[in-house]
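Hi there,

Here is the structure I promised to pass on to you. Have a look at it first, and then read on for what turned up in it.

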Amino acid sequence: MRSANRNQVKNAWLLLLGLVAVLAVAGCGSSDDSDSSSEEVTSIGQTESELNLVAWAGYVEDGSTDPAVDWVSDFEQQTGCQVNVKLGATSDEMVKLMRTGQYDGVSASGDATLRLIDGGDVVPVDMNILSNYKDIDANLKDLPHNTVDGKNYGMPHGFGANVLMYNKDEVKPAPTSWDVVFDPAKASQFKGKVTAYDGPIYIADAALYLKTHQPDLGIENPYELDEEQFNAVIDLLKEQRNAVGEYWSDAAKQISSFANGDSVVGTSWQYQVSALQSEGEPIDAVIPTEGSTGWSDTWMLSSEAKNPNCMLEWMDWIASPKVQAQVSEWFGEAPANLKACQLTENKAHCETFHAGDTEYYDQISFWTTPVTDCGDDRGDVCKDYNDWVQAWTEVKG
Amino acid sequence: MGRRLADFFQGRPRLTVTALLAAPLGWLVIGYLGSLAVMLVASFWHLGELSGEVQQGFSLENYQTLVEEPVYRTIAGRTILVAALVTLTDAVLAFPIAFYMAKVAKPRLRSLLVVAVLLPLWSSYLVKVGAWRLMLSENGAINWALEPFGLSGPGYGTTAVWLVMSYMWLPYMIIPIYAGLERIPDSILTASEDLGARPFRTFRRVVLPLALPAVIAGSIFTFSLTMGDYITPANVSSTQFIGNVVYANFGDNLPLAAAFTTVPIVVMVVYLLVARRFGAFEHV
């Protein structure tokens, strides 16, 4: 009897063991294969009653963050589409969320778009059916990250640079180069208080630095790195690891780190700079002499959208001049629709963020997904995003 | 209808049991064990050379990566080490508390203490991590309290992860030990004393052996919870643990994530087998 009991108990525990192990992976559903239709959408039909979005914080505001900041309520009234938003903290997370098939659309940055397009997660749209597309900054149209094989995959939202943010009381004199975070001699002054972006795409920031400071490597485009260039960049990042106190991927956490003195210098977005300055923190930011990486976002329609017409209406709505003025001022970025420039509260907004400024645009290396094709006569020898992910794991150690 | 069903099952005990257990067992086998099997299968898939898409076919590529790249060994080692440290810390902290609750406190105080131990479990995990994040920050409560002594807190890092995890999982250690100690009759302790054993000897020779299965039962919780967590490390450090690597990979390289997940599974199986030898499951 006792041994039978023991066996039962043993079996029960073995089952429990299975349970514990499986819980760890319960969250990851199987990803669908990418054979869903990628036929171009050419018309808008009757709107549904709901819209589920994946977006960056600050892109879909309904007044709950700040009563004055609201461009969702009017949309809901006019279209009858009830908007639900799921915030994505990183591009990687957004890709994961979109692959669940539960969302109608996404505000995807350039390092996510090609992955979504290749994976069949989003569909092309005939942009002529959206009335505001004609007013979009020509610099943002038909780019490699939002257009594939001549087909447009969505509505440009706006762009911005990854700036060098610093605490004015701690970092003197004011930095003008990324060397404060990459040159070991300079970065060690702020050992443990340097911050860097937590994502494989940050490798491009180090590549951009070496483009200027180690010209013999011959880096042209920080997203097209061959073996030798890639290894040099990774070595630089491993060296930088010693000075980094915290890698950030969540804007709100970075704000608290700078406010509490845990971080004093590192890459950031204008959004965090404005937030900290409005709280009276001694914070400033600069685009260093080497130039900067940056993002350019696009609203894309999911291939599995349950509310495609609401999403198409949203893409047109978010690109309208008034909404563009609101969202670009709130987030701190250049609007995609240049008609917004007359409607911003701060009349200098478009100038500050260089909206429509082609020369400035060319200085920014916009996030894009690295692929094996180097895009030049080197051929298919470049490191792809998967290599970047692996290397990033190694950098963090 | 109900009557006919009752008639049908009348005198067929095996069938009755099968019908009753079908749903929960089906859920367990398909839902839990099934997904575990899918994960193990997925760990042998790999990414296509050019497309970066998952190729379904047998390959040891992921396991090769995990063995050959030193960084994964470092991360696995670090995770196991911190899990062991957290378990040890919790055992040392939990034992006196549980002993007081089970053997010393009056019933009224005892129920109060049980509530106090369980209370943190009622609040959100994220809120607690967030609170620790603030306490550990440069201008946080810990540095403020230590400053008069010329000391400073650990800041964000592996030490912080150890501290926060030890806090998080402490109730999971206290409750099993409390239950185990409560089952030891007071008369045995008195007998030990009557036979001339001093308190420490009684503890070492009588209480500890009897309570050991309970401690090990608690340690299974603290150990496995630490092995799998990625939220605490992501919030109070930039250090990577197994969970963080799994999370970072499961969008683009699910097979590698699946392969790395076998590490905690193997560690837990070994741990449970050892625990069984110590009799952790004798009185469950």
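Let's begin with a salt bridge: in this predicted model, the side chains of A:Arg115 and A:Asp92 come together with N and O 3.1 Å apart. A:Arg115 belongs to helix 4 of chain A and A:Asp92 to helix 3 of chain A, so the pair ties together parts that lie 23 residues apart in sequence. Are these two residues buried or exposed? A:Arg115 has a relative accessible area of 7%, so it counts as buried. A:Asp92 is buried too, because its relative accessible area is 15% and the cut-off for buried is under 20%.

There is another salt bridge in this part of chain A, between A:Arg99 and A:Asp121, with the closest N and O atoms 3.1 Å apart. This pair also links distant parts of the chain: A:Arg99 sits in the loop between helix 3 and strand 3 of chain A, and A:Asp121 in the loop between helix 4 and strand 4 of chain A, 22 residues apart. A:Arg99 is partly exposed at 25% relative accessibility, whereas A:Asp121 is buried at 9%.

A further salt bridge in chain A joins A:Asp376 and A:Arg378, again with 3.1 Å between the closest N and O atoms. Both count as partly exposed: A:Asp376 has a relative accessible area of 33%, and A:Arg378 has 26%. These two residues belong to a network of salt bridges that includes A:Asp226 as well. If you search the whole structure, you will find 13 salt bridges over all chains.

Now go back to helix 4 of chain A, which covers residues 110-118. How many of its nine residues are buried? Eight of them are, so the helix is mostly covered. Among the buried ones are A:Gly110, A:Asp111, A:Leu114 and A:Ile117, along with A:Arg115 from the salt bridge above. What do they pack against? Their partners in chain A are helix 3 (91-98), strand 3 (105-108), strand 4 (122-123), strand 5 (147-148), strand 13 (292-302) and helix 15 (385-396). Just after the helix, have a look at A:Gly120, which takes a positive phi of about 70 degrees.

Strand 4 of chain A holds A:Val123, which counts as buried at 5% relative accessibility. Try finding A:Glu39 from there: A:Val123 and A:Glu39 are 84 residues apart in sequence, yet their C-alpha atoms are 6.7 Å apart in space.

Next, the domains of chain A. The assignment gives domain 1 (50-157 + 297-347) and domain 2 (163-268 + 370-396), and their C-alpha centres are separated by 28 Å. Each domain of chain A brings five residues to the contact. About 450 Å² is buried between them, with carbon and sulfur atoms giving 56% of that area. On the side of domain 1 of chain A, the residues that lose the most area to domain 2 of chain A are A:Thr90, A:Asp92 and A:Asp111, together 56% of what that side buries. By class, that side has one nonpolar, one polar and three charged residues. Even so, the rule finds zero salt bridges across this interface, and one residue pair in polar contact.

Chain B is also split in two, into domain 1 (1-42) and domain 2 (72-277). Their C-alpha centres lie 36 Å apart, and the contact takes four residues from domain 1 of chain B and five from domain 2 of chain B. The buried area is about 340 Å², of which carbon and sulfur atoms give 85%. B:Met39, B:Leu40 and B:Ala42 lose the most area on the domain 1 side, together 90% of what that side buries. The residues on this side are four nonpolar, no polar and no charged. Across this interface the rule finds zero salt bridges and zero residue pairs in polar contact.

One last stop in chain B is B:Thr222, in helix 10 (residues 199-228). B:Thr222 is buried, at 0% relative accessibility. Which residues does B:Thr222 touch, leaving out those up to four places away in sequence? They are B:Thr87, B:Asp90, B:Trp169 and B:Met173. With B:Thr87 there is a polar contact between the two side chains, at 3.2 Å.

Enjoy exploring!

Best wishes

Conventions. Residues are numbered from 1 along each chain as its sequence is written. Chains are lettered from A and ligands numbered from 1 in the order in which they are written. This is a predicted model: local features need pLDDT of at least 70, side-chain atom pairs count only at pLDDT 80 or more; totals for chains, interfaces and linings use all residues. Side-chain values use heavy atoms; hydrogens and water are left out. Domain bounds come from an automatic or database domain assignment. Contact means heavy atoms within 4.5 Å. Buried area is the accessible area (1.4 Å probe) that two parts lose on being put together, summed over both. A salt bridge is a side-chain nitrogen of Lys or Arg within 4 Å of a carboxyl oxygen of Asp or Glu. A polar contact is a pair of N or O atoms within 3.5 Å; within protein, one must be able to donate a hydrogen and the other to accept it, and residues adjacent in sequence count only if both atoms are side-chain atoms. Ala, Val, Leu, Ile, Met, Phe, Trp, Tyr, Cys and Pro count as nonpolar, Asp, Glu, Lys and Arg as charged, and the others, Gly among them, as polar. Buried means under 20% relative accessible area, exposed over 50%, partly exposed in between (1.4 Å probe, protein chains only). Helices (H or I, at least four residues) and strands (E, at least two) are DSSP runs, numbered from the N terminus.
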